[in-house]
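Dear colleague,

I am passing on the structure we spoke about, and below it you will find my notes on what came out of it. Please read them with the structure open beside you.

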Amino acid sequence: MAPAAASAYDPPMVRPIPSRPNAYAGNPLDRRHDRRSDEAWLTERLADPAARFVPVWRDRNLIREQPMPMPVHWSLTEVRMWLDAGAEPVFLGEFSRAAYFAVDLSQHAPDEPGHHEAAYRDLRAVGPLLGAEDGAILAYARAMAYWHQRHRFCGACGAPTRSGQAGHVRQCTGAACGIQHFPRTDPAVIMLVHDGDRIVLGRQKVWPPGMHSVLAGFVEPGESLEDAVAREVYEEIGVRVTEVHYHSSQPWPFPSSIMLGFWARAATTEIRVDPHELEDARWYDRAALQASPEDETFRLPRLDSIARRLVEDWMALG
């Protein structure tokens, strides 16, 4: 796809208005922070026949694909063998009077655990096909499982840690340490850079053929979100930006990020690609994007990503 020519028309700035919630947002669970330390209450909820257990295996979620993709939530009877084997349930919250727990089987099943016609799938492969609430619950379970897998030992002294507060803290068991470790989410900015009626899209070599997306990067210590937007854009394509406006956010547990979306107006338009960051980056106008072939020559960001939402909401202004 050819890059767009420079335009003499520069419309006034329009602040971004999200068209709808992003994928994996809008979790319907009441997280019940007030009961996470109540062992008696948690024991009662675990034993409740209405409790639902969300299995995770090697960062994948259990999905039944026929007649359409939908998550598999286990009953207490179905999960009991794994609990007896040492799998630790993580309380996610309540919905319709049922308690939901994540259960990571990765340490207990060297091979993929079979379950009728369901299989463990990467959530990114099926996320766009799931209901919004289902996707949000699976993303939450995946994120908690990932965090527990990587915090089994204390980062301060190296002693083993144990799960507490219904799986929302890991306590160091070292007698001289005892530090509490809490789940962390890495903030990353993702930004649509425009000059009025064109936007910048780039691609990395490791992406699927044809895939193009907006720019993104992690927030560094001592940096505001707006500063991170400006720095990342300049580092990746050599463009200075102004008028940085927030669009929306998206939980992105692949593995443990929160994507903070922005639009930013380009103050300069010459692109100088950093080859260590990107393979290519160019300006594209609305007509070119609306005619995207969505094939291995050119395709827009994945359907479940905030990147796609940033582009679609901008395209809708034309």
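In this predicted model, strand 4 and strand 5 form a hairpin with 2 residues between them, and Ser96, which sits in the turn, has a positive phi of about 50°. The two strands, residues 89–95 and 98–104, pair in the antiparallel sense over 6 bridges, and within that pairing Phe91 of strand 4 has Phe101 in strand 5 as its bridge partner. Strand 4 is mostly covered, since 5 of its 7 residues are buried.

Turning to the interior, the largest nonpolar core has 40 residues, and those with the most contacts inside it are Leu92, Leu123, Leu192, Leu201, Val214, Leu289 and Val311. Helix 4, residues 132–149, gives the largest share of this core, with 7 residues. Apart from residues up to four places away in sequence, Val214 touches Ile190, Met191, Leu192, Val200, Leu201, Ala307, Leu310 and Val311. There is also a second, separate core of 21 residues, which includes Leu62, Val72, Leu76 and Ala99.

A charged residue deserves a look as well. Arg308, in helix 7 (residues 306–315), has a relative accessible area of 12%, and because this is under the 20% cut-off, Arg308 counts as buried. A polar atom of the Arg308 side chain lies 2.7 Å from the backbone oxygen of Pro301, and, when neighbours within four places in sequence are left aside, Arg308 is in contact with Glu294, Leu300, Pro301, Arg302 and Leu303.

With best wishes

Conventions: Residues are numbered from 1 along each chain as its sequence is written. This is a predicted model: local features need pLDDT of at least 70, side-chain atom pairs count only at pLDDT 80 or more; totals for chains, interfaces and linings use all residues. Side-chain values use heavy atoms; hydrogens and water are left out. A nonpolar core is a set of buried Ala, Val, Leu, Ile, Met, Phe, Trp, Tyr and Cys residues joined through side-chain atoms within 4.5 Å. Buried means under 20% relative accessible area, exposed over 50%, partly exposed in between (1.4 Å probe, protein chains only). Helices (H or I, at least four residues) and strands (E, at least two) are DSSP runs, numbered from the N terminus. Contact means heavy atoms within 4.5 Å. Two strands pair if DSSP finds at least two bridges between them. A polar contact is a pair of N or O atoms within 3.5 Å; within protein, one must be able to donate a hydrogen and the other to accept it, and residues adjacent in sequence count only if both atoms are side-chain atoms.
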